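Okay, thanks for squeezing me in. Let's pull up the model and walk through it together.

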Amino acid sequence: MDLTRVKKQKQHRKALKFYTACFGFREPFQILCDGTLVHYLVGNGITPNTALENSLGATVELFTTRCILSELKNHGSPEALEAAKNLCTDARCGHETQKSAEDCITEVIGQNNAQNFFVATQDGDLRGSLRKIPRVPLISALGKELFLGKPSSSQRQFAKSSEEERLHITDLEAQIINTNVESKDKVRKRKRAKGPNPLSVLKKKKKPVVTNDKKLNNDEGSVKRKRIRRRRKTSQKDVVEGIHQ
């Protein structure tokens, strides 16, 4: 693989990451193709859906409109018309009378590209008008290759502003948040009912059980500590005194 192809794929990955992260594009990517692109690819022997999937490195779904098919029928080749009919799904522009491809696509995209279409076209004027709409990725062909345009500076600025607006809170929201915080603080500061004295609910200590061995040892000790009384011998003098009394 040559360096040019590697560089192109790297640029495509960066661009796809931008559109998916900032604008919510998801696979399969929806590609709205106009007649100029289909005519160019068929004329160069390139299959549109295969070429687009290889270029983006992702699954795709191709779309067109009845206005574009009518334009191909009147001004394009039969091969291009047949390829558009077989490969593309009708995007349902809703126009009862035929409009130019540029006007039709512009109306389908609208002001914010709500359906998340990639627009594939070789029409320079159409690409120029669609660049003014921030959420529209553009694809064009050069030689045998398809290229996804880099996000423009206006697209990047729009994505940045949208993110800042999403993260910004209004004065009313800030007031509500502060009120909730103050209410929680007051609840925390309220004096809670005191519970029972932890010392009064302590379990009573059980008296140690005295085993027979300990009791025996204590009894022996008490016997040893018992004082032995000595009897005084009765003298003859005491006997005599007792008789006289």
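So, let's start with one ring: phenylalanine 158 is partly exposed, because its relative accessible area is 34%. Before I go on, keep in mind that this is a predicted model.

Where does that ring lead us? Phenylalanine 158 makes an aromatic pair with phenylalanine 23, with 6.1 Å from centre to centre and 40 degrees between the planes, and that pair is tilted. What I like here is the span along the chain. Phenylalanine 23 belongs to helix α1 and phenylalanine 158 to helix α8, residues 153-167, and the two are 135 residues apart, so to speak a link between distant parts of the chain.

Now stay with phenylalanine 23 for a second. Is phenylalanine 23 buried or exposed? Buried, with a relative accessible area of 8%. Its neighbour in this story is tyrosine 19, and tyrosine 19 is buried as well, at 1%. Both of them sit in helix α1, which covers residues 3-23, and they are four residues apart, about one turn of the helix.

Let me zoom out on the rings. How many aromatic pairs does the structure hold? Nine. Tyrosine 19 and phenylalanine 23 are one of them: the ring centres are 6.3 Å apart and the planes are at 35 degrees, so that pair counts as tilted. Ring pairs also tie Phe18, Tyr19, Phe23, Phe25, Phe29, Phe118 and Phe158 together into a cluster.

Okay, the overall layout. The protein chain has eleven helices and six strands. Of its 245 residues, 28% are buried. And if you take the contacts with a separation of 6 or more, 67% of them are between residues 24 or more positions apart.

On to the sheet. The six strands make an open sheet with mixed pairing, and the order is β3-β2-β1-β4-β5-β6. Why is one side of β3 and of β6 left without a neighbour in the sheet? Because β3, at 89-90, and β6, at 145-148, stand at the edges, and each has a single partner strand. There's also a helix lying against this sheet: α3, residues 48-56, packs on it and touches β1, β2, β5 and β6. The direction of α3 makes about 130 degrees with that of β2, which is residues 60-64.

Let's go to β1. Four of the five residues in β1 are buried, so to say it's mostly covered. On one side, β1 runs parallel to β2, with four bridges joining them. Glutamine 30 has glutamate 61 as its bridge partner in β2. β1, residues 29-33, is also joined to β4 by four bridges, and those two run parallel too. Glutamine 30 turns up again here, standing opposite phenylalanine 117 in β4, while isoleucine 31 stands opposite phenylalanine 118.

That brings us to β4, residues 117-120. Which residues cover its two faces? Phe117 and Val119 are on one side, Phe118 and Ala120 on the other, and all of them are buried. As a reminder, in a regular strand the side chains alternate between the two faces of the sheet. And Phe118 is a name you've heard already, as a member of the ring cluster.

From β4 we move to β5, residues 138-142. The two strands pair in the parallel sense over two bridges, and alanine 120 has isoleucine 139 as its bridge partner in β5. Between them comes helix α7, residues 124-130, and β4, α7 and β5 together make a right-handed β-α-β unit.

Last stop: asparagine 113, in the loop between α6, 101-109, and β4. Asparagine 113 counts as buried because its relative accessibility is 1%. What does its side chain find there? A polar atom of that side chain lies 2.7 Å from the backbone oxygen of arginine 135. Leaving out residues up to four places away in sequence, asparagine 113 touches Phe25, Arg135, Val136 and Pro137. And Phe25, again, is in the ring cluster, which takes us back to where we started.

Key: Residues numbered from 1 in each chain as written. Predicted model: local features only at pLDDT ≥ 70, side-chain atom pairs only at ≥ 80, totals over all residues. Heavy atoms only, no water. Buried < 20%, exposed > 50% of the residue type's maximum accessible area, 1.4 Å probe, protein only. Pairing = 2+ DSSP bridges. Right-handed = clockwise from strand over helix to strand, strands pointing away. Polar contact = N/O pair within 3.5 Å; in protein donor to acceptor, adjacent residues only side chain to side chain. Contact = heavy atoms within 4.5 Å. Axes fitted to C-alpha atoms, helices over the stretch in contact; angles between N-to-C directions. Phe/Tyr/Trp six-rings, centres within 6.5 Å; stacked < 30°, edge-to-face > 60°.
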